[in-house]
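Me: I'm new to reading protein structures, and I'd like a close look at one part of this one. Could you walk me through it in a connected way?

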Amino acid sequence: MHGEYKVPGGKLVVVDLEVREGRIADFHLAGDFFLEPDVALDAIDGAVTGLPETADVATIAAAIRAALPEGTQMLGFTPEAVGTAVRRSLVTAPGWRDFDWQIVHEKAVSPRMNLALDEVLTARVGDGRRTPTLRMWEWDASAVVIGSFQSLRNEVDPEGAARHGFDVVRRISGGGAMMMGAGQIVTYSLYVPAALVAGMTFADSYAFLDDWVLQALRSLGIDATYQPLNDIASPTGKIGGAAQKRLANGGVLHHATLSYDIDGQMMTEVLRIGREKLSDKGTASAAKRVDPLRSQTGLPREAVIERLLETFANLYGAERGTISADEYDEAEALVAAKFATDAWLRRVP
């Protein structure tokens with residue numbers, strides 16, 4: 001069995017192994033990482049050999065740490081990365097280029113329509129009716145998008161939202177509220193089959209699915225990094241955040257919003273950002289937490305988007321595509337039945 005895992009921002013981890021009588025045998029680790037001393041490689045191979053084939057990432061990582069010689073240096077990878085490669089080998093997980101990718105960037109639609117398209121396209125990828133897709137959002141109105149499990153009254157100041165022209169909508173993924181001013185942010189959605197992230201922990205899948213974004217931002221001169229669980233950041237502040245939803249049919253939605261331009265004072269008037277959340281981030285104000293792409297690059301929003309799409313296409317061989325008429329029709333029906341209803345918006349009052 002063979003497994004590979006590219007550590008986001010790090011090196012490639014490659015494993016080869018056999019399974020005999022329910023246990024890992026003949027395990028060998030390889031890759032373009034750095035490891036000192038040399039004997040640590042044999043220690044890792046020995047630690048994994050003999051583990052149950054059902055061992056999870058945490059169990060594999062713990063066994064490796066216990067076996068490493070004192071003073072071992074692992075650069076570009078971690079014991080958890082080895083565990084992820086092992087799990088992916090055991091489920092024969094495919095890589096990015098094992099799929100035919102499509103990129104769509106189409107007309108501006110309403111915030112509710114964007115949310116409905118997320119659900120429709122994720123379901124279609126899960127069903128095999130659409131190839132894995134990257135979609136760049138465009139929207140015709142400003143909105144506050146709250147997470148699936150957030151309390152409406154705790155997150156949004158309705159008077160502030162109305163005064164500044166923000167609609168309020170709820171998405172199907174978890175996570176926090178996003179103030180999405182039309183033309184002020186960059187939002188994209190990935191619709192992928194669960195097989196792409198097989199063998200990964202939920203947390204690891206976030207960084208894995210956004211690694212291409214970090215590469216694109218770095219090509220624009222931004223020292224972008226991923227901050228667990230779901231933040232994309234730079235030394236001068238947060239750039240954006242990601243969220244996921246996994247459907248029962250095997251479709252995975254991963255979407256992220258990056259701040260291009262933002263009014264920090266307006267944010268505090270629209271969102272109810274509590275002291276506890278701010279203290280957790282180690283900052284005194286919401287405005288200081290976000291460092292938009294415009295201030296870091298000086299580029300038009302369209303140029304930033306084009307670099308993102310070019311990077312994705314070059315890395316994974318993606319081709320430009322479209323959203324079909326029947327996909328739009330299904331999404332419009334879902335807006336009426338779900339996303340435009342008070343019952344959905346206030347599912348958590």
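At roughly what angle do the axes of helix α1 and helix α2 cross?

Reply: Happy to help! Please keep in mind that this is a predicted model. Helix α1 covers residues 39-48 and helix α2 covers residues 57-67. Their axes come within 8 Å and cross at roughly 135 degrees. The two helices α1 and α2 are therefore oblique to each other. The crossing also has a hand: α1 passes α2 in a right-handed way.

Now look at the side of each helix that faces its partner. From α1, the residues in contact are Ala 43, Ile 44, Ala 47 and Val 48. On the α2 side they meet Ile 60, Ala 63, Ile 64 and Ala 67. Sorted by class, this contact of α1 with α2 has 8 nonpolar residues, with no polar and no charged ones.

Just ahead of α1 there is a detail in the backbone that you can look for. Pro 37 sits in the loop between β4 (34-36) and α1. The peptide bond that joins Glu 36 and Pro 37 is cis, with omega at about -5 degrees. A second cis peptide bond runs from Pro 228 to Leu 229, and its omega is near 0 degrees. Leu 229 is also a loop residue, placed between β12 and β13 (231-234). One more backbone feature is found at Glu 21, which has a positive phi of about 50 degrees although it is not a glycine. Glu 21 belongs to the loop between β2 (12-20) and β3 (23-31).

From the backbone, let's turn to empty space. Rolling a probe the size of a water molecule over the atoms shows where such space is left. In this structure there are 2 cavities of 30 Å³ or more.

The largest cavity holds about 60 Å³ of space. Its lining includes Glu 106, Lys 107, Asn 114, Arg 135, Trp 137 and Tyr 328. Helix α4 (111-127) and strand β7 (133-136) each give at least two residues to this lining. By class, the lining of the largest cavity divides into 6 nonpolar, 1 polar and 4 charged residues.

The second largest cavity has about 50 Å³ of space. Among the residues lining it are Pro 111, Asn 114, Leu 115, Trp 137, Trp 139 and Met 180. If you compare the two lists, you will find Asn 114 and Trp 137 in both. Helix α4 makes the largest contribution to the lining of the second largest cavity, with 3 residues, and both α4 and β8 (143-146) supply at least two. Here the classes come out as 8 nonpolar, 1 polar and no charged residues.

Finally, there is open space to explore as well. The second largest pocket contains about 430 Å³ of space. It is lined by 21 residues, and those nearest its centre are Tyr 5, Val 7, Pro 8, Asp 204 and Ala 207. Three elements, α3 (79-90), α7 (202-219) and β12 (225-227), each supply at least two lining residues. The largest share of this pocket's lining, 6 residues, belongs to α7. Its lining has 12 nonpolar, 6 polar and 3 charged residues.

To return to where you began, try turning the view until α1 and α2 are both in sight, and look for Ala 43, Ile 44, Ala 47 and Val 48 on the α1 side of the contact.

Definitions and conventions
Residues numbered from 1 in each chain as written. Predicted model: local features only at pLDDT ≥ 70, side-chain atom pairs only at ≥ 80, totals over all residues. Heavy atoms only, no water. Axes fitted to C-alpha atoms, helices over the stretch in contact; angles between N-to-C directions. Helix = DSSP H or I, 4+ residues; strand = E, 2+ residues; numbered from the N terminus. Parallel < 35°, antiparallel > 145°, perpendicular 65-115°, else oblique. Left-handed = near helix turned anticlockwise from the far one by under 90°. Contact = heavy atoms within 4.5 Å. Nonpolar A, V, L, I, M, F, W, Y, C, P; charged D, E, K, R; others polar. 1 Å grid on protein atoms, 1.4 Å probe; cavity = no way out; pocket = protein on both sides within 12 Å on 5 of 7 lines; lining within 4 Å. Points joined across faces, edges and corners; volume = space filled by probe spheres on them.
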